[in-house]
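Me: Please take a close look at how the strands of this model pair, and then follow the chain from there towards the interior. I would like the cut-offs stated as you go.

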Amino acid sequence: MSNQTVVPPGGQFTLPSKSNDPLLVFRCAPVFRPYLEEDAKNASFVVDTRIVYDWINGASPISLSNNISSSSQCAGNVSVTIEVGGVRTTHDVPLNATGYEVPLDISRLTAQQTPYNVSCSALYSPSLLKPQHYSTNTALLYLPDSNNSVTKTDLRTGSLWARPVNSTGGPFQPFVPQGFYISFNPYLVQNLSYIDQLKAEGFNTIHPVPPYNNTAVFEQVLNKTVELGLYIIFDMRSYYQNLTAVAELVNTYKSLPNLLTWETAHEPDGNSDPFGAAKQAYDLIYQLDGYHPVGIVLNCEDYNFTPYVEGADIVLEDTYPIGINATYSLVWHTPCTPDFGHCGCDDCKGGLIDIQARIQTYKDRLDILGYDRTKTVWTTPQAVGDGAYWTTIPTGAQWAAIGLISFNHGATGSMSYQFPTTSGNSTTIEGTASILTNVITEYVQPYVVRPEVTQTIYSYEAVDASVWYDGTSYLVIVANVNGTETIVPWASIGLGKVTNVTAQVQERFSVGQPFNDTGFESTPSGVGIYTVTL
């Protein structure tokens, strides 16, 4: 209310202090979670030996020889030993490496529901300096083979791997989940054709919003999604604090042939849910299942991030900045500040810049906490508005930009809220989706799911850009984030060798973003996807 006393909410994330001297961040994790018996002989661990200058989780002092620097190509190697259940291997890993893979045959272990504790140790012995020892631990989830649905997380990239819905026992493939939240009631309970519509528009995943209060129709929903080859996210937001209910739901639905993930807490930070509730549900789900990752959705920019993300493998953000008044609440008639007020988008400026900031902030925090390998971020593009806090619904181009900016900053999945939304011509969300989803599947997905691909993020005036390189060609995503027309030279995004766009650049998707031999002209609504060969 307008006369309410302002009480700072607390719970702010603490940034790490700086170090004047180099620090080693030594981390290791299995390449996949879970591994199955069929994978045992080809298992691997991913090792990071990064040199940093921030006291992030696990950082330890390291003494480097006087004649080398942390960025030197001749900084030497670290002898890394990985041991689990009596199985052991030692490999030399370059210092300051990221994503170095160490193979380990785990077929001597017994597949089990309980994760194995893995000890990882590192020895750095540069000439003229004393040997330096480092250690860390991780968990190996090694499960029996299953004919039911299994979703693996690739801890090199954060991407999900799954079998096609209607291909029991077929090969696992990496993919980018693209889908929508859709309320079971009133939408699905009255009209199953919404599922056909989502499939026709190129989406591969559906997230029914509970309560699922008509069991017969919910069974029809499940059967329909299997028939159409759609993955499903099972939402327990209404029950996750009741562990008896969680156990019943998991045991009932864990064998669904198209189950992709579980979702437990929905905006627990905005609702001030108990800190430990999501983690308790998470632990129970892994005791009963383990074959599917667990997600939560966070609403706040900075409120008790650390305790809430402990209960998730996937952290979704639902930043809805389009159409808000960022400084005054249209609903509560109060100012909005970092400490007070609700304007529909927490601590937002009211534009696409908020998407860039939120995804990157969440990614950075996970790294600071030591979760950069074990937890990933998804985006929830805004597809609602025209009421309450929002005076308008995003255009098709704005909706596309939200998802693409999120991919630029490390999101590995996209679940928009909510369906049905604007439809009709290509300027609407559904009109755009019917084009964009297929472009993402064909051109974006092959780059973002592959660990060997390198990525560089660029910020040039009003433009957010990311360039991926697979050794042969480049994927380029460019979006205008602050509504100012901007000329973007190719060299400003690392592509100065582009001199003939007819021969070198292919436009895959573009709105308001013409380009020529010198660069892009990013209009205030500009967004696009391009492939480049130099």
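Reply: Two strands are said to pair if DSSP finds at least two bridges between them, and the strands themselves are DSSP runs of E with at least two residues, as helices are runs of H or I with at least four, numbered from the N terminus. The model is predicted, with local features requiring pLDDT of at least 70 and side-chain atom pairs pLDDT 80 or more, whereas totals for chains, interfaces and linings use all residues. Residues are numbered from 1 along each chain as its sequence is written, and side-chain values use heavy atoms, with hydrogens and water left out.

Strand β6 pairs with β9 in the antiparallel sense, over five bridges, and within that pairing Thr81 has Ser121 of β9 as its bridge partner. Strand β6, residues 77-84, is also paired with β7, residues 87-94, again antiparallel but over eight bridges, where Ile82 is matched with Thr89 of β7. β6 and β7 make a hairpin with two residues between them, and in that turn Gly85 takes a positive phi of about 55°.

Beyond β9 (116-124), the loop that leads to β10 (132-140) holds Pro131. Because its relative accessibility is 51%, Pro131 counts as exposed (exposed means over 50% relative accessible area with a 1.4 Å probe on protein chains only, buried under 20%, and partly exposed in between). Setting aside neighbours within four places in sequence, Pro131 is in contact (heavy atoms within 4.5 Å) with Leu123, Tyr124 and Ser125. Between the C-alpha atoms of Pro131 and Ala40, which are 91 residues apart in sequence, there are 33 Å. Gly169, in the loop between β13 (160-162) and β14 (173-175), is likewise exposed because its relative accessibility is 54%; its C-alpha atom is separated by 8.6 Å from that of Asn148, 21 residues away along the chain.

Turning to the interior, His292 sits in the loop from α6 (277-288) to β19 (294-298), and it counts as buried because its relative accessibility is 1%. Its side chain makes a polar contact of 2.8 Å with the side chain of Asp289, and it also reaches the backbone oxygen of Leu259 at 3.4 Å. (A polar contact is a pair of N or O atoms within 3.5 Å; within protein, one must be able to donate a hydrogen and the other to accept it, and residues adjacent in sequence count only if both atoms are side-chain atoms.) Leaving out residues up to four places away in sequence, the residues that His292 touches include Ser149, Lys254, Leu259, Thr261, Trp262 and Tyr286.

Helix α4, residues 243-253, has Ala245, Val246, Ala247, Leu249, Val250 and Tyr253 buried, and among the elements that cover these residues are α3 (215-228), β17 (231-235), β18 and α6. At the N-terminal end of α4, Asn242 acts as a cap, with a side-chain oxygen 3.1 Å from the backbone nitrogen of Thr244.

The enclosed spaces come next. A cavity is a set of points, on a 1 Å grid over the protein atoms alone, where a 1.4 Å probe fits but cannot get out, and its lining residues have an atom within 4 Å of a point; points are joined across faces, edges and corners, and the volume is the space filled by probe spheres set on them. Counted in this way, there are three cavities of 30 Å³ or more.

The second largest holds about 40 Å³, and its lining consists of Ile233, Thr261, Trp262, Glu263, Gly295, Ile314, Leu316 and Trp378. Two or more of these residues come from each of β18 (259-266) and β20 (314-317), with β18 giving the most, three residues. Strand β20 pairs with β21 in the parallel sense over four bridges, and Ile314 stands opposite Thr376 in β21. In a regular strand, side chains alternate between the two faces of the sheet. In β21, residues 376-379, Thr376 and Trp378 point one way and Val377 and Thr379 the other, and all are buried.

The largest cavity contains about 100 Å³ and is lined by 13 residues, with Gln178, Trp399, Ser414, Leu436 and Ile440 nearest its centre. At least two lining residues come from each of β15 (178-183), α9 (396-408), β22 (414-419) and α10 (429-448), and α9 has the largest share, five residues.

Definitions and conventions:
1 Å grid on protein atoms, 1.4 Å probe; cavity = no way out; pocket = protein on both sides within 12 Å on 5 of 7 lines; lining within 4 Å.
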